[in-house]
Amino acid sequence: MDVSIIGSGYVGTTAAACFADYGHDVVNVDIDEDIVASINAGESPVHEPGLDELIAEHAGDRLRATTDYAAVRETDVTFLAVGTPSREDGSIDTSIVEAATESLGAALDSKEGKHLVVVKSTVVPGTTDELVAPTLAEAGDLTIGEDVHVAVNPEFLQMGTAVENFRNPHKVVFGTQNGDEWALDTLRELFEPIVDSADPAVVETGLREGEMIKYANNAYLASKVSLINDIGNVCKEFDVDAYEVADAIGLDPRIGSRFLRSGLGWGGSCFPKDVAAIIAAAKSQGYEPPLLEAAVEVNDLQPRRLLELLAARVDLEGVRIAVLGLSFKPGTDDVRGTRSLPVVEGLLARGAHVVAYDPVATEKFRETHPSLDVEYVDSAAAALEDADGCAVVTDWDEFAALDAEFDAMARPVVVDGRHVVERREGLEYEGLTW
């Protein structure tokens, strides 16, 4: 099929490259000329394992990028994969979605035949039928359900494994208006290679249900992480290893073993934004969601507990403290919502000299937080040298392999927020929940 994707971030670029790999002809539309040039040159604009290879293979053949919305007229289906950032109150800002939809509607005005517009951006229930559909209709003088059909297809990609997640999803969700058969048939055809190879559960539902499934999915997972962190904090008070406890309770099929790694909590572009958004959306309807608010509260607590454990062993004023890990998780350079930010800010507020290292995210963190007085180095060894303490924030594999590097510390105090460093003789080791 001929596919257009509006937006070339982690989601849009991954979807474009993977659809091209399945044999579809794909065009990415983005207003950023540098991103467009990068894709057309066969280079990924984002750091994601496996994505560089796919883009290099298909760019100039089944994959291209442009800033011109007119390209959508040559396609059968368009995905909206633009950002929905958080406002101060936690609600989502849909201005980017609206602007992209206006441009899309105007471009489709002169297209012959039907077109399917699929919302892949994370939006609260009601956005597709109350904002996207009427904006399309007005901008392009289009009739919804005749000229243009709308659908929802939420993404469930994880940074660091996005390509694998796209190829082998647990579920694929198609949300349509009143069971729109033409839209469903189009989506079934588009996703047929994935469904045939990976055999995921296919959920066909309504627009609002499709929108809500994404929020419910992330809110549930975030709450599960916060619950195990809360349990882990209790374990720590009783000198109990929370990881041994988690291994045991994970054997219960009603609980499962995934998302039971207690530690610094969740971050990234999805969990913080999506939980905040669904809380704000619930409040706008007059409901206060206490459990979701508690999940956020526990998550915000974890970096403070790490700082307290470090401060209990080291007088932080004026000393050199190594921070290992700046990305929100291993395998990505994404620093949105990273737990390293409150850790670094907390150390600076206590007067520490912070020396930070990350395998891939250092420049992103520096660019995103230019006002922070942090010394950035190019290796874990350089960060640890002469340090009076170390905070392990991201569970990169290379941190698990550190050994002699700790011997170069002025005082080998290590507070591990991710259960990645092995306790050994010679280290003043403290685990966050174990």
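# Reading burial, cores, pockets and salt bridges

Me: In this predicted model, is Thr101 buried or exposed, and why?
Reply: Thr101 counts as buried because its relative accessibility is 1%, and the cut-off for buried is under 20%. The residue is part of helix H4, residues 95–108. Leaving aside residues up to four places away in sequence, Thr101 touches Leu80, Val132, Thr135 and Leu136.

Me: How should I read a nonpolar core, and which residues have the most contacts inside the largest one?
Reply: In soluble globular proteins, nonpolar side chains tend to be buried together. Here the largest nonpolar core has 52 residues, and Leu324, Leu347 and Phe399 have the most contacts inside it. Among the elements that give two or more residues to this core are helix H11 (290–313), strand E9 (320–324), helix H12 (340–349) and strand E13 (413–416). A second, separate core has 39 residues, including Leu54 and Val172.

Me: What does Phe399 touch?
Reply: Not counting residues up to four places away in sequence, the contacts of Phe399 include Leu324, Tyr357, Pro359, Val392 and Val421.

Me: How is a pocket found, and which residues lie nearest the centre of the second largest one?
Reply: Rolling a probe the size of a water molecule over the atoms shows where empty space is left. The second largest pocket has a volume of about 410 Å³. Its lining has 18 residues, with Tyr220, Ser223, Lys224, Leu227 and Ile228 nearest the centre. Helix H8 (207–237) and H11 each supply at least two lining residues, and the largest share, nine residues, is from H8. By class, 13 lining residues are nonpolar, two polar and three charged.

Me: How many salt bridges does a search of the whole structure find?
Reply: The search finds 22 salt bridges. One of them pairs Glu204 with Arg188, with the closest N and O atoms 2.9 Å apart. This pair links strand E8 (residues 201–206) to helix H7 (residues 181–198), the two residues being 16 apart in the chain. Glu204 is partly exposed, at 41% relative accessibility, and Arg188 is also partly exposed, at 32%.

Me: Which residue does Glu430 meet in a salt bridge, and is Glu430 buried or exposed?
Reply: The side chain of Glu430 meets that of Arg313 at 3.2 Å, N to O. Glu430 lies in strand E14 (residues 428–431) and Arg313 in helix H11, 117 residues apart. Glu430 counts as buried because its relative accessible area is 18%, whereas Arg313 is partly exposed at 29%. Both belong to a network of salt bridges that also links Lys236, Arg411 and Glu428.

Technical notes: Residues numbered from 1 in each chain as written. Predicted model: local features only at pLDDT ≥ 70, side-chain atom pairs only at ≥ 80, totals over all residues. Heavy atoms only, no water. Core = buried A, V, L, I, M, F, W, Y, C linked by side-chain atoms within 4.5 Å. Buried < 20%, exposed > 50% of the residue type's maximum accessible area, 1.4 Å probe, protein only. Helix = DSSP H or I, 4+ residues; strand = E, 2+ residues; numbered from the N terminus. Contact = heavy atoms within 4.5 Å. 1 Å grid on protein atoms, 1.4 Å probe; cavity = no way out; pocket = protein on both sides within 12 Å on 5 of 7 lines; lining within 4 Å. Points joined across faces, edges and corners; volume = space filled by probe spheres on them. Nonpolar A, V, L, I, M, F, W, Y, C, P; charged D, E, K, R; others polar. Salt bridge = Lys/Arg side-chain N within 4 Å of Asp/Glu carboxyl O.
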